Amino acid sequence: MPYTRELKELIKKVEATRSARIEKKRRGEEFHLLSLKEREERLKKYHPDFKEGSRKEIRVGPSKGYAISPEIVDLLEAKSRVNPDFIDLNKVTYETDVLILGGGGAGTAAALTAQENGAKVLIATKLRHGDANTMMAEGGIQAATKGTKDSPYYHYLDVLGGGHFKNPPELVYTLVTEAPKVVAWLENLGCMFTKSPEGRLMTLHGGGTCRKRMHCAADITGAEIMRTLRDEARNRAEHIKVLEFSPAVELILNEHGHCAGAVLYNLETEEYSVVKAKAVVLATGGSGRLHMQGFMTTNHYGATGDGLILGYRAGVKLCFLHAVQYHPTGAVFPEQAEGLLITEKVRGAGANVLNIEGEQFVNEREPRDIESSCFIRECTEIGKGIPTPAGKVGIWLDSPMIEILMGEGAVKREFPGKFILFKRFGIDISKEPMLVYPTLHYQNGGLEYNSRCETSVPGFFAAGEVSGGVHGENRLMGNSLLDVTVFGRIAGVSASLYAKEKAKDGKLNLDHVRRYHRELEEAGIITDRVAPMLLPDYSNPNVREHQLTAHYLGTIR
Amino acid sequence: MPTEEVKKEELVPIFIMGKRYEVPSSLTIQKAFEYAGYQLIRGCGCRGGICGACGTVYRFPGSYKIEVGLACQTVVQPNMYLTQIPFFPATKGVYDMEKIKPTIETLVKAYPELLRCLQCNTCTKSCPMDIEVMDYMAAAMRGDVARLAELSFDCVMCGLCTARCPAEICQYNIAILGRRLYGKYIAPQADHLAAMVKAVEKGKYEQMLRGLMDTDEEALKDLYNKREIEPEQADEDWTPKDKTHL
């Protein structure tokens, strides 16, 4: 759907201020950046995390009393999908050295390094191999690679400032020092990063960065990384087996209290099966599909927080989950594209964000939580948002500026994915601005782990979005692709070493699940809800009323 | 978003695998499936047009033409009859990236069927991403790896080209081999990256980072506030005034 007449009228106000804004930009005059104190005020007043009812205490488990999103609490306070008594752990369907749960960026990177260390690897994933938020990451991957102006020192400071100085230092140290190495690793695997004819990697700013260190592959950086890693894993199919449409529904421990496998569920045949492994890597990703506070999301269909549930029941603590990331720029128009991620790279390339009058109200490169808070403020308290025909409200993202700043054809060249997508809807984003609003984007926190990806359960490792800590309370752009590749690789190494040197064979059990069920009961939680959720339910409730013989278990029959 | 949010609006008939359903006219094919009562397992991935899970083919009554689209990106049209092709068997060459060269021999060795290409253009017509598939196949047959990589860059690997190819070629896997060859062997390597990796491995930043890790929050905030910000419009050769932490 092209812009309506009303919206086209409003776009004239954006055009009216554009040339003056371009001149300012060329002179290097930026809209003032907020001080740390101002940031805090905006955050507390407007960020969805601070809204009443946005957090609820967990009543059971290792992080009992910790207040996080009610949508996650409800799943943590649910029962296992399957009665542990029904599962015969003596019947092992698959046996492997390293079992990796999740076939996204972190899981696939882990598979590669585990295999290189001599491990036999099995990846079990809920949808297809590569169906993950990694695939959807657009803007880029951060790394200090230009020694004449940047270093891991500055990257470290930026990560901490973005995360409100709460991030565990060791994790951040690992992230920023491994960063140049993973970019080199990806280059060597054949990732087509955007480069100059001399081979200099193109780097841009992101929100909250002091140096331009965002490397990209046009505007599909995540897809380029994911398809390259997947292709490499497929080249090693002899040692890296992949089970698709087979999510894990429970971890299996052994008599020594070590993690020793998982129960998988075949989404198509509805069978449960047992995998025995010497070490397990959890890389199941995030939880945007839980739609916290009813927000739309940029996340993948499978992002339902499954790994949190599995790890928590096995006794691993949660951290930083109280902070949810809302990406400032999710599309709100046209309706078909609602929630769709508009990469931060658009702002990194110079596009202003504007209110209904075509005025700037915030610098376009604040950290995400601050930028989002300012958008919400502008649309609510200030009342200068742009109303959409569907009754929503948005902010202008002035993409045509890029065309003027970087030369004709720049939008199509730098953002081919978005350009073609909007073109299909009759909107030329090199000439018309986009309408955006904050959208649920990233799980800042997760399961506690250390810089070797170890959790509190021996033999159980975590990497990527399911883990929490490295980003503190707010991740910066370009640090998630970095996170999955850095910690995915480390998890693969740690797990394969553990499998080789430390794993102790023992009788398998699901006692932790029984214990967890008992704890729920003792806390007086009576529920027929089951978790993990596996898939969100978008089916039509009117139709469901007529599905008389369907006995639903969560969302899957 | 949940279908509850779909407001009362004009309903249009569509035929999902031949069966008639009435769905709101603003929905994408993907949301129309869900509105009709399906819970998708196959054929649904990122819901944002990049993962390639939801390749869909459809026709209109009275038209011979096979239309294609990604279900998450294509808005329904009255009387379309459609099916998803969420999976199609593909060939996958196995190669060791360290041992191959960016040549036609590499492509043909991994995918001998490449040379069966008839240049019939069905692949291009089947591509929901508007990629010139036939042209990149021609580039592949000429051994022009750079052109193959460039033309196929936007590929989401949905497999619709492969499903329709009369020569039984798996174009998208040939394309990713081409892109990886380009990225590894043809594109010039980044010297500044190699230099940085060396510096990190030599421990150049070790002391300053350990220093930061031992700094208390207030002092860190001070350092953070005083960071010199690279101007957005700065040239590639911009350098900061303070070089002590480079």
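## Buried rings in chain A

A residue is called buried when its relative accessible area is under 20%. By that cut-off A:Trp396 in this predicted model is buried, because its relative accessible area is 0%. A:Tyr3 goes the same way: its value is 4%, so this residue is buried too.

These two residues also pair up. Looking through the whole structure turns up 13 aromatic pairs over all chains. In one of them, the ring centres of A:Tyr3 and A:Trp396 sit 5.9 Å apart with the planes at 75°, so this pair is edge-to-face. A:Tyr3 belongs to the segment before α1 (5-27) of chain A, while A:Trp396 is in strand β17 (residues 393-397) of chain A, so the contact ties together parts that are 393 residues apart in sequence. Bring in A:Phe333 and you have a cluster: ring pairs link A:Tyr3, A:Phe333 and A:Trp396.

## A ring pair in chain B

Chain B has an aromatic pair to look at as well. B:Tyr58 and B:Phe60 are edge-to-face, with 5.8 Å from centre to centre and 85° between the planes. Both B:Tyr58 and B:Phe60 are buried.

## Charges over rings

Now for arginines sitting over aromatic faces. Within chain A, A:Arg489 lies over the face of A:Trp185, 4.5 Å from the ring centre. Another case involves both chains: B:Arg210 lies over the face of A:Tyr173, at 4.0 Å from the ring centre.

## Helix α15 of chain A

Helix α15 of chain A covers residues 479-501, which makes 23 residues. At 1.5 Å a residue the helix should span 33 Å, and its end C-alpha atoms are 32 Å apart, so expectation and model agree. The expected figure counts one less than the number of residues, because that is how the span is defined. As for exposure, α15(A) is mostly covered, with 18 of its 23 residues buried.

## The largest pocket

On to the empty space. The largest pocket holds about 920 Å³. Its lining counts 26 residues, and the closest to the centre are A:Arg413, A:Pro416, B:Glu150, B:Phe153 and B:Asp154. Two or more lining residues each come from α13 (410-414) and α14 (416-424) of chain A and from α5 (145-151) of chain B.

Which element gives the largest share of this lining? That is α14(A), with 4 residues. Sorted by class, the lining of the largest pocket has 15 nonpolar, 9 charged and 2 polar residues.

## The second largest pocket

The second largest pocket has about 560 Å³ of space. Of the 24 residues that line this pocket, A:Arg234, A:Glu244, B:Phe87, B:Ala90 and B:Tyr172 lie nearest its centre. At least two lining residues apiece are supplied by α8 (221-235) and β9 (240-243) of chain A, along with α7 (171-186) of chain B.

The class split for the second largest pocket runs to 14 nonpolar, 4 polar and 6 charged residues.

## An exposed lysine in chain B

Is B:Lys125 buried or exposed? With exposed meaning over 50% relative accessible area, B:Lys125 counts as exposed because its value is 56%. This lysine is found in helix α3 (residues 122-125) of chain B. B:Lys125 and B:Glu105 are 20 residues apart in sequence, and their C-alpha atoms are 28 Å apart in space.

Definitions and conventions: Residues numbered from 1 in each chain as written. Chains lettered and ligands numbered in written order. Predicted model: local features only at pLDDT ≥ 70, side-chain atom pairs only at ≥ 80, totals over all residues. Heavy atoms only, no water. 1 Å grid on protein atoms, 1.4 Å probe; cavity = no way out; pocket = protein on both sides within 12 Å on 5 of 7 lines; lining within 4 Å. Points joined across faces, edges and corners; volume = space filled by probe spheres on them. Nonpolar A, V, L, I, M, F, W, Y, C, P; charged D, E, K, R; others polar. Buried < 20%, exposed > 50% of the residue type's maximum accessible area, 1.4 Å probe, protein only. Phe/Tyr/Trp six-rings, centres within 6.5 Å; stacked < 30°, edge-to-face > 60°. Lys NZ or Arg CZ within 6 Å of the ring centre and 35° of its normal.
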